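Here is a friendly walk through one protein model, meant to be read with the structure open beside you. Take your time and turn the view as you go.

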Amino acid sequence: MTTETPAHTDPTGPPAVAVVDAQTPGNVGTIARGMKNFGFSDLLLVDPPELYPDGEAYGFAGHAREDVLPNATEITFDELVETYHTVGCTAVTNEDDRGHVRYPFTTPAALADRLSTVAAPTVVVFGREGVGLTNDELARMDEICAIPANPEYPVLNLGQAATITLYELQELALEETQLPDVERTRAPEPLLERCFDAWTGLLREINHPEPKRAKADRMFRRLVGRADPTEGEANTLLGILKRARDRPDRTDETN
């Protein structure tokens with residue numbers, strides 16, 4: 001960890017992540033891991049605990065122990081505010097504009113669009129495990145961010161809150177993820193029409209009440225229409241409907 005003035009203040013780069021006065025090294029490691037997961041690299045620490053290479057922080061950091069954590073920068077709160085466009089994270093907000101310390105606020109999901117328009121180096125700031133950021137600290141933030149949660153218990157663990165927030169902001173740091181970019185193609189209409197015909201035939205085969213068949217046909221068509229099945233899914237559905245209509249398990253019986 002270095003105490004040099006941050007050099008990574010590119011206004012076009014991903015936001016930095018700052019943790020103020022963390023009490024538990026493991027939470028710092030968890031935040032570093034979340035940063036690594038979602039493409040963030042610049043970790044700033046205000047009054048951090050000791051982070052030993054064989055300690056809890058490095059143990060919780062996963063692969064972030066190789067770069068994010070050892071390259072973290074120790075910084076004062078004043079330097080943080082003076083150098084960056086700051087976004088303070090809190091679980092407790094004011095309800096309206098009669099109190100400006102914790103209002104207005106935005107959610108992490110909305111914050112991604114917001115920060116993409118800020119032409120300045122930005123940092124997302126998290127506070128202590130117990131009380132988060134103080135009112136005095138929040139009063140010096142440029143923006144406030146809060147995670148929507150159960151009103152009966154909105155306070156998250158520090159590591160959890162940071163991970164959720166960074167997940168929502170990942171588009172600011174990642175150009176691609178591990179998920180394949182697969183284009184879903186709807187089955188051709190003639191194949192879907194065969195499915196609809198098979199459904200109609202099944203209703204007739206099971207003696208579904210004739211006055212209700214038109215409604216059942218319409219319901220099935222709307223259901224499949226909303227689902228946008230692929231060709232493979234439509235073929236499977238068609239096969240099941242045909243098999244149900246043919247009823248291969250049926251034996252001729254005389255009543």
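The report below goes from the sheet to its helices, then to a helix pair and a pocket. Please keep in mind that this is a predicted model.

**The sheet**

Start with the open sheet, which has 6 strands in the order 3-2-1-5-4-6 and parallel pairing. Its edges are strand 3 (73–74) and strand 6 (143–145), each of which pairs on one side only. Strand 6 runs parallel to strand 4 (residues 85–89), and 3 bridges join the two. If you look for Cys-89, you will find it opposite Cys-145 of strand 6.

Two helices that pack on this sheet are set side by side here.

| Helix | Strands touched | Angle between directions |
|---|---|---|
| Helix 1 (residues 25–38) | strand 1 (16–20) and strand 2 (43–46) | about 160 degrees with strand 2 |
| Helix 4 (residues 108–115) | strand 4, strand 5 (122–126) and strand 6 | about 150 degrees with strand 6 |

**Helix 7 and helix 8**

Next, move along the chain to helix 7 (residues 189–205) and helix 8 (residues 210–227), whose axes come within 10 Å and cross at roughly 150 degrees. The crossing is right-handed. On the helix 7 side, the residues making the contact include Leu-192, Phe-196, Trp-199 and Leu-203. Helix 8 contributes, among others, Ala-216, Met-219, Phe-220 and Val-224. Charged residues take part as well, including Glu-193 and Arg-204 of helix 7 and Arg-213, Asp-217 and Arg-221 of helix 8. Sorted by class, this contact has 9 nonpolar, 1 polar and 5 charged residues.

**The largest pocket**

Which residues lie nearest the centre of the largest pocket? They are Cys-89, Thr-90, Ala-91, Gly-132 and Leu-156, out of a lining of 22 residues. Cys-89 may be familiar by now, as the residue opposite Cys-145 in strand 6. The volume of the pocket is about 370 Å³. Helix 6 (residues 158–168) supplies the largest share of the lining, with 3 residues. By class, the lining divides into 14 nonpolar, 5 polar and 3 charged residues.

Gly-132 is worth a click of its own. Its place is in the loop between strand 5 and helix 5 (135–138). Gly-132 and Thr-90 are 42 residues apart along the chain, yet their C-alpha atoms are separated by 6.7 Å. Leaving aside residues up to four places away in sequence, Gly-132 touches Gly-127 and Glu-137.

How values were computed. Residues are numbered from 1 along each chain as its sequence is written. This is a predicted model: local features need pLDDT of at least 70, side-chain atom pairs count only at pLDDT 80 or more; totals for chains, interfaces and linings use all residues. Side-chain values use heavy atoms; hydrogens and water are left out. Two strands pair if DSSP finds at least two bridges between them. Helices (H or I, at least four residues) and strands (E, at least two) are DSSP runs, numbered from the N terminus. Contact means heavy atoms within 4.5 Å. Axes are lines fitted to C-alpha atoms, for helices over the stretch in contact, and angles run from 0 to 180 degrees between N-to-C directions. A crossing is left-handed if the near helix is turned anticlockwise from the far one by less than a right angle, and right-handed if clockwise. Ala, Val, Leu, Ile, Met, Phe, Trp, Tyr, Cys and Pro count as nonpolar, Asp, Glu, Lys and Arg as charged, and the others, Gly among them, as polar. On a 1 Å grid over the protein atoms alone, a cavity is a set of points where a 1.4 Å probe fits but cannot get out, and a pocket is an open set with protein on both sides within 12 Å along at least five of seven lines; lining residues have an atom within 4 Å of a point. Grid points are joined across faces, edges and corners, and a volume is the space filled by probe spheres set on the points.
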